[in-house]
Amino acid sequence: MWRTGGVLGGRGVSRLCSGIRTQPPPLSSSSSSSSSSRPQVEKLKRRRQKDESIQTGKPRDAEEKSVRWSEKQRIQYSAYTPPGTKKDSSVPFPSAYSPDFVESSWYQWWEKEGFFRPEQHEHLPHAVDQTFSLCIPPPNVTGTLHLGHALTVAVEDALVRWRRMQGYRVLWVPGCDHAGIATQSVVERKLLQERGRSRKDFSREEFLQEMWKWRNEKGDEIYQQLRKLGASLDWSRACFTMDPSFSRAVTEAFVRLCDSGLIYRSEGLVNWSCALESAISEIEVDSEELSGQTLRSVPGYDTKVEFGTMVTFAYPLEGHGGEVCVSTTRPETMLGDVAVAVHPDDPRYQALHGKQLRHPFTDRLLPIITDTMVDRELGTGAVKVTPAHDHIDFLLSQRHSLPRLTVIAGDGTMTPPCGHWLQGVKRFDARQQIIDALVEKKLFRGKRSHAMTLPVCSRSGDVIEPLLKKQWFVRCDQMAKKAVQAVEAGQLEIIPHLYTKIWKNWLSNINDWCISRQLWWGHQIPAYQVQLPDSADAQQEELWVWGRSEDEARQRAAVKYRVKPEELTLTQDLDVLDTWFSSGLFPFVMLGWPDQTPDLQRFYPNTILETGSDLIFFWVARMVMLGVELTGELPFRQVLLHSMVRDKHGRKMSKSLGNVIDPLDVIHGVSLQRLEEKINKGNLDPRERLVAIEAQRKDFPGGIPECGTDALRFALCSSRIQGETISLSVSQVLSCRHFCNKMWQTLRFTLGVLENNPTPVGALEEVRPVSSVDRWVCSRLYSTVQQVEQAFESYELHTVTSALHAFWLHSLCDVYVECLKPLLAQQSGGGHEEDRVEARRAAVGILYHCVSSSLALLSPFMPFITEELWQRLQPFGGGAKAQSSLSLQPYPRSDRLAHWFFPEEERDFVLVQDVIREARSLRAQCGLGKQRPDLWVVCSPSQASVLLHFQSAVQTLSQIASLHIYCPDRTDAPSLTSSTPPPAGSLVSVVDHTCQLHLHVQSGVNVDKQVLQLSQRRDKVALKLEETLNRVQSPDFQTKVPAHIRQQMESKVWALQQELGTLEEQLSVLQEAQRSE
């Protein structure tokens, strides 16, 4: 079921079978497309150019470069750990991060201990009386993971683990979809390859035995892959859509909907695959864009078939000696033409209204009808009408009471009404025969290349044929209105909200949904054709009943037709239900519906549904409609839609482009040779295979490195899932693996500190910061937790991951750990020993709680590495007894960190970081190694106070011997500032208009480099000042800009002017030094 389906456009689209209806486009003289060919040609041309540039061009930026990496040592976890037992975290701590080592054994322990079951909620001391429930979009039983699956799992598991750690009663149900067409196609191919037998060589019962045999052998593979991704699903409640209980629920739903008049049997056009001999849903129809004349392989044909051409021919005007020309991309359907339509205002055909045309092969008379749907600007302005083989023509036949003549059978051959010369001929072979016959009758008017959209069955590769069939349909209009009203009333929230309008527009124009499929694998429709006693089969109208069993159906028929039950003959419909029908019941059937089970009462409606945005109509809308109708409630309160995952170039992932990435290859790593083997085993044609292999060689010259599950999940959740598309590269995942290693090394350092700490770490509530940098990092943790809380609630996961990544790397590692090292290195003895002990004790406690809290914060995204590191950290913790697993620990809350909030420290530290950055830049200019020069900071009194407050941090992180602070204005200068200005000849850098740095280096000052750097800085400031002045001096600035904004802008102008003046002054001094050399 997890599949990205294309939505077809133009005249080749099936609307009835999918439940999709749009306002009919103007009819053109082409039977394949209602739009001009030029935009399609240009679009395809641009696509080819982009693909060629990707194949042959140079990378545009660092992100597009091929993945470069060095092989890392793979460390195996070798301690004996029986499956399901807790991993031994006392084994030696490896020197570097290795995904193999980290991800071993944890999942089996989590699952065996029941940590993912909602019953675990009763044992949590921090439990709250709230429920969080959802289902995973059930993957196809035939499926293997792709990055779309990985994104779904990463996002949903992050939300699930977050709520579980918050103390919610959480239920996340796994499931698997029987995927009627997909699974049957796979097994049919397997039987043909291995035994040389087709489905028709088996009885239905024999074939279903083969299906179940395959399902039992292969069906659990997708579950193992979900486990590999760390999905914290409740496996005790896993359900398969063909389980007996699920099948009973499907039958119940069908019967109830029939009883209420929402399911009915009728004749309508459906998407038909001649290769499968079945109707298929729209998500199983791919749109193949053709730029023009194209030869394409079609199942059942020995040679390639031509598509992308427009044939024009003439119909003789009956009794008037003239003709009307029409154009079509499907000349084989002309045997089913029943009329020609023109626009009523088209002057070319004004005199022909109501006239008739003579069909050259059937001698049938075709009326010329008028309809405003015809686009008179396209083609000849006259449109052939074939109601039994075209969706728009079918609508025309309803409006004008036209007959519907089927000329192509379900197996793709021409039917008897076509005549003996075509009967039984395959449709595309008949195409050429018809053209030849038109030439012979001198009615052929030409053929030209034509851009078009070709509907293709994704399962068989067959070209879709719209066919008129008697099928079962779901009446959708009233159910759709309720679904729209639920969103408008705020009962159902769709996130992102931009889909709300799309939801309303689509459901307001919905057609009835064909749910019949001519397959053997699936839920056989519980409807029965009734034969009354002593009735003549040829004269009998179709009589149908339905029931939960044949006995019930017989009783219903007896009552309905007033006949004794034993006198009736019942024959069950051989068709099965559309897979999307059973999938649409998943949110409540998984909980035991139609029985009123404890799970249904507690967890229904579900809290949320999270899925790909491409399934909003095929699955989400149908779940809402069926849920409301069958249970009286919405199936969920929120719908969170994520975007499609594309490659780093922004292209849709496609086997033919060679850009499909298997998430397991990213997790475990894979060689280029193995990637090429996968392509060679596929079903690409030789040209596509070469393109795909070449693309992989360029993007992955050394294969794909082993990144691990945690890095992949973190990279996926770092994407803006609510955006338009997600462009993911292996480089991004590799970067997240480097982050994992940084976490690993931080823990190594922390454990070393804790092992040498003589006193135990106090509880979080007891730890109080001592130094200024203590207070700053504590406050940064508080602010990070607050930001995480807000972003999680709005499902902005990329904001969560960004905040956590920034805190760990830039606050904890880059600043606090570095500032901690000198403190830890100080020897005992001397004065102020008690102060040093207290400062050290506080710093160790803060380090422990920052690391422990950060691991808990990261746990929903990176469950394996955080569990591994947290378990090693726990022996040193103080306070209340922790849970046995990090996955059950309370999620950090800002209200528990309120005593660590110091907003002034955070605000002031911005200046400190700017000074450190500029000081390091000065050091880099003169290539200082271990030498630590003195640094003078010339600044305002307020800035001096800040820098003195953080003096130790500035000195440590700037790698200087001593810090001298000089205030030109001595009036309000702090007492500890220097009374002498910086020495002449120092390296100079400007922080802002009131703060300059002077690095006193004894030798090696590169004046030319300093002049260049300050000149570049001056030019940037001058440009920014010019842009700001243009805004301030604009005519509308004083009248239209609010007063507080005007004040801010004027202050900005003044600051930029001051900074520019300072830079000019410094440059003047340096240039004078240049001249004196």
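The following exercises, each with a worked solution, concern a predicted model of a single protein chain.

**Exercise 1. Overall description and confidence**

Determine how many helices and strands the chain has, what box its C-alpha atoms fill, and where pLDDT is lowest and highest among its elements.

Solution.
1. The chain has 32 helices and 33 strands.
2. Along the principal axes, its C-alpha atoms fill a box of roughly 115 × 70 × 60 Å.
3. Of the 1077 residues, 56% are buried.
4. Among contacts with a separation of 6 or more, 78% join residues 24 or more positions apart.
5. The average pLDDT is 87, and 90% of the residues score at least 70.
6. Among the elements, the lowest mean pLDDT, 55, belongs to helix α1 (residues 37-56), and the highest, 98, to strand β2 (residues 169-173).
7. Over residues 2-25 the pLDDT stays under 50, and the model has 104 contacts beyond four places in sequence for this stretch. Residues 29-38 also have pLDDT below 50, with 38 contacts beyond near neighbours in sequence.

**Exercise 2. Packing of α12 with α17**

Find the geometry of the pair α12 and α17 and classify the residues of their contact.

Solution.
1. Two packed helices are described by the angle between their axes and the distance between the axes.
2. For α12 (residues 498-507) and α17 (residues 616-631), the axes come within 12 Å and cross at roughly 75°.
3. Angles of 65 to 115 degrees count as roughly perpendicular, and α12 and α17 are therefore roughly perpendicular to each other.
4. From α12 the contact takes Y499, I502, W503, W506 and L507; from α17 it takes I616, F617, V620, A621, V624 and M625.
5. By class, these residues are eleven nonpolar, no polar and no charged.

**Exercise 3. Packing of α24 with α29**

Carry out the corresponding analysis for α24 and α29.

Solution.
1. The axes of α24 (residues 797-825) and α29 (residues 951-958) come within 9 Å, and their crossing angle is roughly 95°.
2. The two helices α24 and α29 are therefore roughly perpendicular to each other.
3. On the α24 side the contact involves D814, V815, E818, C819 and P822; on the α29 side it involves A953, T956 and L957.
4. The contact of α24 with α29 comprises five nonpolar, one polar and two charged residues.

**Exercise 4. Cysteines**

Establish how many disulfides the structure has, and why C850 is not bonded to C778.

Solution.
1. A disulfide is a covalent bond between the sulfur atoms of two cysteines. The cut-off for such a pair is 2.5 Å.
2. The search of the whole structure yields zero disulfides.
3. The cysteine sulfur closest to that of C850 is in C778, at 5.5 Å, which is too far for a bond.
4. With 0% relative accessibility, C850 counts as buried.
5. C995 is likewise in no disulfide, and its nearest cysteine sulfur, that of C939, lies 5.3 Å away.
6. C995 has a relative accessible area of 0% and is buried.

**Exercise 5. Backbone geometry in loops**

Locate the cis peptide bonds that precede P594 and P605, then describe the positive phi values of Y795 and Q959.

Solution.
1. The bond from W593 to P594 is cis, with omega near 15°. P594 belongs to the loop between α15 (586-589) and α16 (598-603).
2. Y604 and P605 are joined by a cis peptide bond with omega of about 0°. P605 is in the loop between α16 and β26 (606-612).
3. Y795, a residue other than glycine, has a positive phi near 60°. Y795 sits in the loop between α23 (772-793) and α24, and at 5% relative accessibility Y795 counts as buried.
4. Q959 is not a glycine either, yet has a positive phi of about 60°. Q959 is in the loop between α29 and β31 (963-966), and its 33% relative accessibility makes Q959 partly exposed.

**Exercise 6. The environment of L888**

Is L888 buried or exposed, and which residues does L888 touch?

Solution.
1. L888 is placed in the loop between α26 (863-873) and α27 (903-925).
2. The relative accessibility of L888 is 1%, so L888 counts as buried.
3. Leaving out residues up to four places away in sequence, L888 touches F115, Q120, L124, H126, R164 and Q883.
4. Q943 is 55 residues from L888 along the chain, and their C-alpha atoms are 45 Å apart.

Key: Residues are numbered from 1 along each chain as its sequence is written. This is a predicted model: local features need pLDDT of at least 70, side-chain atom pairs count only at pLDDT 80 or more; totals for chains, interfaces and linings use all residues. Side-chain values use heavy atoms; hydrogens and water are left out. Axes are lines fitted to C-alpha atoms, for helices over the stretch in contact, and angles run from 0 to 180 degrees between N-to-C directions. Helices (H or I, at least four residues) and strands (E, at least two) are DSSP runs, numbered from the N terminus. Angles under 35 degrees count as roughly parallel, over 145 as roughly antiparallel, 65 to 115 as roughly perpendicular and the rest as oblique. Contact means heavy atoms within 4.5 Å. Ala, Val, Leu, Ile, Met, Phe, Trp, Tyr, Cys and Pro count as nonpolar, Asp, Glu, Lys and Arg as charged, and the others, Gly among them, as polar. pLDDT is the predictor's confidence in each residue, from 0 to 100. Buried means under 20% relative accessible area, exposed over 50%, partly exposed in between (1.4 Å probe, protein chains only).
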